[in-house]
Amino acid sequence: MRPLLLQGHERPLTDLKYNRDGDLLFSCAKDHNPTVWSAHNGQLLGNYKGHNGAVWTCSISWDSSRLLTASADQTVKLWNVQNGEQLFTFNFDAPAKSVDFSVGDKLAVITTDPFMRKTSAIHVKQIAEDIAEQTNDSLVVMRGPTGRINKAVWGPLNEFIISGGEDAIIRMWNPMTGQEIMSTKGLENGHQNSVTSLCLSADGSHFLSGSLDKTAKLWDTRTLTLIKTYRMAGQVNAVTMSPLLDHVVLGGGPDASKVTFTPGGMFEAKFYDKILEEEIGGVKGHFGPLNALAFNPDGKSFASGGEDGYVRLHHLDPDYFNMKI
């Protein structure tokens with residue numbers, strides 16, 4: 001299972017996403033230039049140049065024709081995936097942190113950071129099919145959580161939005177009214193520190209959240225009932241789930257300021273049995289904390305991105321699929 005080492009970023013990785021077909025891998029980093037790679041052989045296919053700040057997250061449309069990127073330069077940009085053309089720029093009065101296309105690609109949810117006495121916010125934007133009709137207006141703006149909102153994603157069939165951030169509370173919002181539907185506030189078994197990452201299962205029935213409290217938690221999407229908890233030695237920066245097997249993958253490590261005092265074994269993608277909650281293996285290679293993880297939709301490969309600026313693409317060998325626990 002020799003990994004492919006993808007070298008195209010000069011700064012730490014922040015996000016990785018596969019398209020629906022699993023043939024393209026998109027990476028974001030603090031070096032301003034989102035990048036697209038061949039998911040088969042790791043070939044660099046192109047960059048999307050135009051941001052003036054760290055690019056935190058990206059989202060790809062269902063047909064892989066459009067890409068959304070959220071950046072610290074207070075913009076979210078809509079790109080033509082094929083030729084790298086900037087189609088539209090959404091301007092905000094604060095750094096944009098998270099972005100996610102809705103099912104059907106007609107809407108996007110975007111989060112902005114607390115900035116200049118403004119609180120963090122979740123914006124719902126209409127994405128026009130004809131780019132000439134695109135506007136900067138938000139359909140709904142949701143405020144409430146204190147601190148930064150690190151992630152916001154659409155629930156099944158766009159019925160609600162799930163968000164998590166620095167206040168350690170996972171919330172569900174009505175995207176039409178902006179009202180909070182339910183949250184993990186007050187739950188004894190909820191996260192105790194900042195929520196760093198969210199990952200919905202392939203069928204949308206459950207989702208995974210990672211946190212600086214050194215745990216990842218599996219939740220029922222409809223009821224916000226806690227199903228499972230996975231524990232790591234260091235903070236959890238990134239989470240993903242296999243679409244084929246009952247495996248959960250966590251990545252992270254110590255805080256960046258403590259990296260020089262950390263044994264190398266901390267920097268690995270750790271695999272857990274989804275049902276038993278037990279660690280079943282790890283994939284080493286990065287020489288810094290992991291910030292991004294993504295499983296190919298076909299379940300046969302996964303990618304990791306780290307503070308070291310590298311993307312590692314792992315094609316899983318047959319032994320992995322025949323593993324007995």
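Trainee: How many disulfides does a search of the whole structure find?

Mentor: Zero, and keep in mind that this is a predicted model. The search covered the whole structure and found zero disulfides.

Trainee: What is the nearest cysteine sulfur to Cys58, and how far away is it?

Mentor: The nearest one belongs to Cys28, at 3.6 Å. A disulfide needs the two sulfur atoms within 2.5 Å, so Cys58 is in no disulfide.

Trainee: Is Cys58 buried or exposed?

Mentor: Cys58 has 1% relative accessibility. The cut-off for buried is under 20%, so Cys58 counts as buried.

Trainee: And Cys199, which cysteine sulfur is nearest to that one?

Mentor: That of Cys58, 14 Å away, and Cys199 is in no disulfide either. Cys199 has 15% relative accessibility, so Cys199 counts as buried.

Trainee: New topic, sheets. What is the strand order in the open sheet that has β2 in it?

Mentor: The order is β2-β3-β4-β5, four strands with antiparallel pairing.

Trainee: Which strands stand at the edges there, and why?

Mentor: β2 (13–18) and β5 (44–47). Each has a single partner strand, so one side of each has no neighbour in the sheet. On average, neighbouring strands of this sheet are turned by 20° against each other, with direction ignored.

Trainee: How many bridges join β4 to β5?

Mentor: Three, and the two strands run antiparallel; β4 covers residues 35–38. Val36 has Gly46 of β5 as its bridge partner.

Trainee: What holds strands of a sheet together in general?

Mentor: Strands in a sheet pair through backbone hydrogen bonds, and the pairing can be parallel or antiparallel.

Trainee: OK, what about the open sheet with β22, what is the order there?

Mentor: β22-β23-β24-β25, again an open sheet of four strands with antiparallel pairing. The edge strands are β22 (235–241) and β25 (279–283), each of which pairs on one side only. The twist from one strand to the next averages 25°.

Trainee: How many bridges join β24 to β25?

Mentor: Four bridges, between antiparallel strands, with β24 made of residues 269–273. Phe271 has its bridge partner in β25, namely Gly281.

Trainee: Switching to the inside. How many residues are in the largest nonpolar core?

Mentor: It has 13 residues. Those with the most contacts inside this core are Leu68, Val76, Leu78, Phe90, Val99, Ile110 and Ile127.

Trainee: Which strands supply at least two residues of this core?

Mentor: β7 (66–71), β8 (75–80), β9 (86–91), β10 (96–101) and β11 (107–112). β10 gives the most, with three residues.

Trainee: What is Leu78 in contact with?

Mentor: Leaving aside neighbours within four places in sequence, the contacts of Leu78 include Leu68, Phe88, Phe101, Ile127 and Ile131. Charged residues turn up as well, among them Arg66 and Glu85.

Trainee: Last one, Thr196. Where is the place of that residue?

Mentor: Thr196 is in strand β18, residues 195–200. Its relative accessibility is 16%, so Thr196 counts as buried.

Trainee: What does the side chain of Thr196 reach?

Mentor: The backbone oxygen of Val236, at 2.6 Å. There is also a polar contact of 3.2 Å between the side chains of Thr196 and Ser197.

Trainee: Which residues does Thr196 touch, not counting those up to four places away in sequence?

Mentor: Asn150, Lys151, Gly210, Ser211, Leu212, Val236 and Asn237. Val236 therefore appears in both answers, and it lies in the range of edge strand β22 (235–241).

Key
Residues numbered from 1 in each chain as written. Predicted model: local features only at pLDDT ≥ 70, side-chain atom pairs only at ≥ 80, totals over all residues. Heavy atoms only, no water. Pairing = 2+ DSSP bridges. Axes fitted to C-alpha atoms, helices over the stretch in contact; angles between N-to-C directions. Buried < 20%, exposed > 50% of the residue type's maximum accessible area, 1.4 Å probe, protein only. Core = buried A, V, L, I, M, F, W, Y, C linked by side-chain atoms within 4.5 Å. Contact = heavy atoms within 4.5 Å. Polar contact = N/O pair within 3.5 Å; in protein donor to acceptor, adjacent residues only side chain to side chain.
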